Amino acid sequence: LFAAAALTALAAPAVFAADLEGRVLKIGTDATYPPMETVDESTGQIVGFDVDVMNAICEKVNCVPNFVNTAWDGIFAALQQGEFDLVISGVSITPEREENMDFSEPYIIVSQAILLQVDNADMTLDDFKAGGQKLAAQTGTTNAQLAEELVGRENVSLYDNFSAAILALQNADVQGVIIDGTSASAYEQEFAGELAVGITGLQSDPLGIVFQEGDATVDAINEGLAAIQADGTMDALVAKYWGT
Ligand code: ARG
């Protein structure tokens, strides 16, 4: 469902120049997105792959991540207004977003997938295109964009977050949810026997860490990212979450 291996070939810098000198980084994230970022119900902490990645990077380049849970809607506006130092939230690197923000190098590549109810697991894109069946996604995502391209706007239902879209699928308000494959497999596991990844082989997105345009912090974070890719930390995190 995704490919991280190709990214690990990047060479680590021979000399470690980047040092953020213990800087606290305020990090915006929409923690409704397993397994990338969610709120652990027992501790109230934000946890997930993106959190582990940022912690590992900060260990390399000497920063202190401070995660702030925020709605996806407005997350980039808040970043641009300086409310956050960076956003990590399973964000796809796209030409439109690159117009007014800067991205790190990609830290993982995900291919989108469609979750179906197990009982309808043989549905195809044509079934959605034919009308009467709804494909759901989170508003303002690349998934929502692809949904409209694949089955037509009239057959797409948009939700504020993927938790709501998944609930709608469980309630049969919609018949599918299009989502990054990394999260599709997490939901498939969480709701085994109820939901299943039914349609794959869709568009792949590189995910990146997002900064205000012109913020040099991205250079240090890129060095930290290259270091965790070179020393096996990234592979270990991918294995922790997706068991590959
Ligand atoms: N990768 C998709 C995008 O960037 C979806 C990201 C959704 N992230 C989240 N935390 N809800 O548009």
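Which residues come nearest among the 14 residues around the ligand? The legends below walk through the answer, one close-up at a time, in a predicted model.

**View 1. The residues around the ligand.** Ser89, Gly90, Arg97, Thr142 and Asp180 come nearest, out of 14 residues around the ligand. By kind, the residues of this shell divide into 7 polar, 4 charged and 3 nonpolar.

**View 2. Polar contacts to ligand nitrogen.** Start with the backbone: an N or O atom of the Ser89 main chain lies 2.8 Å from a nitrogen atom of the ligand. Gly90 also takes part, with a polar backbone atom 2.8 Å from a nitrogen atom of the ligand. Glu37 uses its side chain instead, placing a polar atom 3.3 Å from a ligand nitrogen. The protein buries 100% of the 350 Å² that the ligand exposes when taken alone.

**View 3. The cavity that holds the ligand.** The structure has 1 cavity of 30 Å³ or more, and the largest cavity encloses about 90 Å³ of space. This is where the ligand sits. Fourteen residues line the largest cavity, and Tyr33, Trp72, Ser89, Gly90 and Thr141 are the ones nearest its centre. Sorted by kind, the lining has 7 polar, 4 nonpolar and 3 charged residues.

**View 4. Two domains meet at the ligand.** Why does the ligand lie between domain 1 (2-107 + 208-242) and domain 2 (110-204)? Both domains give residues to the shell around the ligand, so the ligand lies between them. The cavity lining can be viewed in a similar way: at least three of its residues come from domain 1 (2-107 + 208-242), and at least three come from domain 2 (110-204).

How values were computed
Residues numbered from 1 in each chain as written. Predicted model: local features only at pLDDT ≥ 70, side-chain atom pairs only at ≥ 80, totals over all residues. Heavy atoms only, no water. 1 Å grid on protein atoms, 1.4 Å probe; cavity = no way out; pocket = protein on both sides within 12 Å on 5 of 7 lines; lining within 4 Å. Points joined across faces, edges and corners; volume = space filled by probe spheres on them. Nonpolar A, V, L, I, M, F, W, Y, C, P; charged D, E, K, R; others polar. Domains from an automatic or database assignment. Near = heavy atom within 4 Å. Polar contact = N/O pair within 3.5 Å; in protein donor to acceptor, adjacent residues only side chain to side chain. Areas by Shrake-Rupley, 256 points an atom, 1.4 Å probe, with all protein chains shown as cover. Sits in = over half its atoms within 2 Å of the grid points.
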